[in-house]
Amino acid sequence: MSVEPLVIKRAMQAFRKGDYATAKMFYQKAAKQYGAHLFKANLYLCDKYAGSGSKQLTAMPESMTGQADQAQRQLQETQQLLEHYYQRCQELEYQRLER
């Protein structure tokens with residue numbers, strides 16, 4: 001196991017224990033290594049919980065809400081395409097069997 005996944009594991013452990021400052025430090029290291037966009041939500045939650053002392057997320061930032069909506073639309077579109085291609089495959093299979 002490389003050293004970097006341990007950083008993420010340590011961040012998760014610190015977060016679960018309620019040590020949000022330590023978790024944030026590890027998530028920042030991971031963000032530098034893998035990309036800030038991957039740990040944006042983690043860093044937001046560390047700041048949110050450290051500031052409020054609560055483990056309840058009251059509201060997501062507008063950019064995260066937009067990303068969630070986009071992901072939901074993409075999932076629906078993918079499901080529709082999957083159903084379309086499945087039906088088309090079945091039609092072609094029946095055509096092949098009729099010959």
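Here are a few worked exercises on the structure above, which is a predicted model.

**Exercise 1. Work out which secondary structure elements the chain has and in what order they come.**

Step 1: Start by counting. The chain has four helices and zero strands.

Step 2: Now read along the sequence. The pattern you get is α-α-α-α.

Step 3: Put some residue numbers on it. Helix α2 covers residues 20-34 and helix α3 covers residues 36-52, while helix α4 takes in residues 62-98.

**Exercise 2. Find what share of the chain is buried and what its exposed surface is made of.**

Step 1: The chain has 99 residues, and 16% of them count as buried.

Step 2: Turn to the outside. About 8000 Å² is exposed, and carbon and sulfur atoms supply 53% of that area.

Step 3: Contacts add another angle. Take those with a separation of 6 or more: 28% of them involve residues 24 or more positions apart.

**Exercise 3. Describe how the rings of tyrosine 27 and phenylalanine 39 sit relative to each other.**

Step 1: You need two values here, since a pair of aromatic rings is described by the distance of the centres and the angle of the planes.

Step 2: The ring centres of tyrosine 27 and phenylalanine 39 are 6.1 Å apart, and the planes meet at 35°.

Step 3: Stacked needs an angle under 30 degrees and edge-to-face one over 60, with the rest counting as tilted. At 35°, then, tyrosine 27 and phenylalanine 39 make a tilted pair.

Step 4: Place the two residues. Tyrosine 27 belongs to helix α2 and phenylalanine 39 to helix α3, twelve residues apart, so the pair links distant parts of the chain.

Step 5: Check the burial of both. Tyrosine 27 is buried at 4% relative accessibility, and phenylalanine 39 is buried too, at 8%.

Step 6: Look around for other rings. The structure holds five aromatic pairs, and Phe15, Tyr20 and Tyr49 form one aromatic cluster.

**Exercise 4. Decide how many disulfides the structure has, and whether cysteines 46 and 89 are buried or exposed.**

Step 1: Recall the bond itself: a disulfide is a covalent bond between the sulfur atoms of two cysteines.

Step 2: Search the whole structure, and you find zero disulfides.

Step 3: Cysteine 46 has a relative accessible area of 1%, so it is buried. Cysteine 89 comes out at 45%, which makes it partly exposed.

**Exercise 5. Sort the three salt bridges by where their partners lie.**

Step 1: Here's the idea behind them: side chains of opposite charge can pair when their charged atoms come close.

Step 2: Take lysine 24 and aspartate 47, whose side chains meet at 2.7 Å, N to O. Lysine 24 is in helix α2 and aspartate 47 in helix α3, so this bridge ties together parts 23 residues apart in sequence. Lysine 24 is partly exposed at 26%, and aspartate 47 is partly exposed at 41%.

Step 3: Next come glutamate 91 and arginine 88, with an N to O distance of 3.3 Å. They are three residues apart in helix α4, so about one helical turn separates them. Glutamate 91, at 40%, is partly exposed, and arginine 88, at 37%, is partly exposed as well.

Step 4: Finish with glutamate 93 and arginine 96, whose closest N and O atoms are 2.9 Å apart. Helix α4 holds both of them, three residues apart, or about one helical turn. Glutamate 93 is partly exposed at 33%, whereas arginine 96 counts as exposed at 52%.

Notes:
Residues are numbered from 1 along each chain as its sequence is written. This is a predicted model: local features need pLDDT of at least 70, side-chain atom pairs count only at pLDDT 80 or more; totals for chains, interfaces and linings use all residues. Side-chain values use heavy atoms; hydrogens and water are left out. Helices (H or I, at least four residues) and strands (E, at least two) are DSSP runs, numbered from the N terminus. Buried means under 20% relative accessible area, exposed over 50%, partly exposed in between (1.4 Å probe, protein chains only). Contact means heavy atoms within 4.5 Å. Accessible areas come from the Shrake-Rupley method with a 1.4 Å probe; for residues, only the protein chains shown count as cover. Rings of Phe, Tyr and Trp (its six-membered ring) pair if their centres lie within 6.5 Å; planes under 30 degrees apart count as stacked, over 60 as edge-to-face and the rest as tilted. A disulfide is a pair of cysteine sulfur atoms within 2.5 Å. A salt bridge is a side-chain nitrogen of Lys or Arg within 4 Å of a carboxyl oxygen of Asp or Glu.
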